Amino acid sequence: MNKTQKSLIALLGVLLIFFGFVITRIGIVKPATTVKVSKIPAGEYDPAVWAKFYPLQYDSYMKNANMSPSPTGYGGSSKVQKAEQMPELTANFKGMPFSVDYTEDRGHFYAMEDIRETKRIGPKSMGACITCKTPYLEKFYQESGWGYAKQPLSQLMDQVPSHGSISCANCHDPETMNLRVINPAFNEAMQRKGIDVTKASREDMRSYVCGQCHAEYYFEPNTFRVVFPWDKGMKAGDMYDYYADIPNGFTQDWQHPDSKAAMLKTQHPDFETWSTGTHGKAGVACADCHMPYMRQDGQKYSSHWMTSPLKNLDAACGTCHTQGSAWLLDRVKTTQDYTFEVLHTAGQNVARAHEVINKAAMAANVDQAELAKARELLRKAQWYWDFVAAENSMGFHNPDQSLNTAAQANELARQAIDAANRAAGSGTL
């Protein structure tokens, strides 16, 4: 055996030892790729307790305490009045609390603090208002059923400790960590659509846990039960038709003091807009973008920093879109800029319609039939406008539909103004 052959045999021996060691290590010490489930007692709502078992998730959840604007200038988690960007909000919501205080949502971490501080809440506010603010909803519903909704809000808030804002138990079963929905209004709405949430797939649940609160609703008269108006569909027109039937005796949220129109207030229809959009129809869950998967120390986990995907573009968007962060940010901002331009114009025309109808109503010999028509057109125009304005993505969850809905609002507002002018027998008021 020559020297070359001996060297090759020695090298082969070293390689066999090295790879044998690697294979043994892989077989014995497998990196943690999934989260180990730890049982937490039922009814434990303090996220600090959950943090002992799920520190990575908790650390990311605590990032929700950081307030910051959106990278595109729309939304964000800073506590600013929305009327600073859209002054027409004040005129269009005149006569109801949103004209007094309509701030950007600071997010889950501040839900209970914000409801205590908002000027929209008063001594007569009912318990229904707490439905999407705390995991203690589960306790209230277990004890009283829908009866909690009619209790004074102040009494319920007094029962929620300082750690009681939206957190782990809103979306997870403490013993199994399975995703769950604790909002009975969502479960009831899905049942009416023929969907049993308890049998939903995990992928569906990664959107359902968000949809249980990020959705349009109204309070049933007398009982204050929370109802999601999805029986005829998830689009603005579907829900407007639903409200036209006066469901459960519900006729309006308030009457505008100028136009005297019976108005509806839209509540953040994020789930509805997403579900009929490209991402929703393609099976992309809310959590895919707003709670992307992360890795640390070999462990894969979902980020619980529920924020704009634009703040974490590579993890939130890069898994599907490979065009790069700059391109993605530009596409989102372009969509939102176009939506805002149409929406802002529509909102100003809705405000103008309130003014014109008010003047028409004071005209001598006003045509009451035309005036009623003008008010109905205005009610619908503002509903369509608000459906886009109250939604938290400035059109991005469903760009085509949002632009179309805002454009319809603009046209309906124009028709309302024309009808008011006809009612007054005037060319232009």
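Modeller: A cavity is a set of grid points where a 1.4 Å probe fits but cannot get out. In this predicted model, the count comes to two cavities of 30 Å³ or more.

Colleague: What volume does the largest cavity have, and how do you know that it belongs in that count?

Modeller: The largest cavity has a volume of about 50 Å³. The count takes cavities of 30 Å³ or more, and the second largest, with a volume of about 40 Å³, also meets that limit.

Colleague: Which residues line the largest cavity, and what makes some of them nonpolar and others polar?

Modeller: The lining consists of Cys289, His290, Pro292, Ser303, Trp305, Thr307, Ser308, Pro309, Asn312 and Ala316. Cys, Pro, Trp and Ala are on the nonpolar list, and therefore Cys289, Pro292, Trp305, Pro309 and Ala316 fall in that class. The lining thus has five nonpolar, five polar and no charged residues.

Colleague: Which residues line the second largest cavity, and how many of them are charged?

Modeller: Thr273, Phe387, Val388, Glu391, Gln401, Ser402 and Thr405 form that lining. Because Glu is one of the residue types that count as charged, Glu391 is placed in that class. The division is two nonpolar, four polar and one charged.

Colleague: Which helix supplies the largest share of the lining of the second largest cavity?

Modeller: The largest share, three residues, comes from α18. Both α17 (368-389) and α18 (399-424) supply at least two residues of this lining.

Colleague: What makes the second largest pocket a pocket and not a cavity, and what is its volume?

Modeller: A pocket is an open set of points, whereas from a cavity the probe cannot get out. The second largest pocket has a volume of about 230 Å³. Its lining comprises 16 residues, with Asp204, Tyr208, Phe271, Trp274 and Ser275 nearest the centre. Two or more lining residues come from each of α10 (202-211) and α12 (270-275); α10 gives the most, with four residues. By class, the lining has eight nonpolar, five polar and three charged residues.

Colleague: Why is alanine 189 called buried?

Modeller: The cut-off for that term is under 20% relative accessible area. Alanine 189 has 2% relative accessibility and therefore counts as buried. The residue sits in helix α9 (residues 184-192).

Colleague: Which residues does alanine 189 touch, not counting those up to four places away in sequence?

Modeller: The residues touched are Phe228 and Trp230. A contact requires heavy atoms within 4.5 Å. As a point of reference, the C-alpha atoms of alanine 189 and lysine 119, 70 residues apart along the chain, are separated by 30 Å.

Colleague: How much of the chain as a whole counts as buried?

Modeller: Of its 429 residues, 45% do. The exposed area is about 21200 Å², and carbon and sulfur atoms supply 56% of it. The chain has 18 helices and six strands. Among contacts between residues at least 6 apart in sequence, 68% join residues at least 24 apart.

Colleague: Where does pLDDT stay under 50?

Modeller: It does so over residues 4-33, for which the model has nine contacts beyond four places in sequence. Local features need pLDDT of at least 70. The mean pLDDT of the chain is 92, and 92% of its residues reach 70 or more.

Note on methods: Residues are numbered from 1 along each chain as its sequence is written. This is a predicted model: local features need pLDDT of at least 70, side-chain atom pairs count only at pLDDT 80 or more; totals for chains, interfaces and linings use all residues. Side-chain values use heavy atoms; hydrogens and water are left out. pLDDT is the predictor's confidence in each residue, from 0 to 100. On a 1 Å grid over the protein atoms alone, a cavity is a set of points where a 1.4 Å probe fits but cannot get out, and a pocket is an open set with protein on both sides within 12 Å along at least five of seven lines; lining residues have an atom within 4 Å of a point. Grid points are joined across faces, edges and corners, and a volume is the space filled by probe spheres set on the points. Buried means under 20% relative accessible area, exposed over 50%, partly exposed in between (1.4 Å probe, protein chains only). Accessible areas come from the Shrake-Rupley method with a 1.4 Å probe; for residues, only the protein chains shown count as cover.
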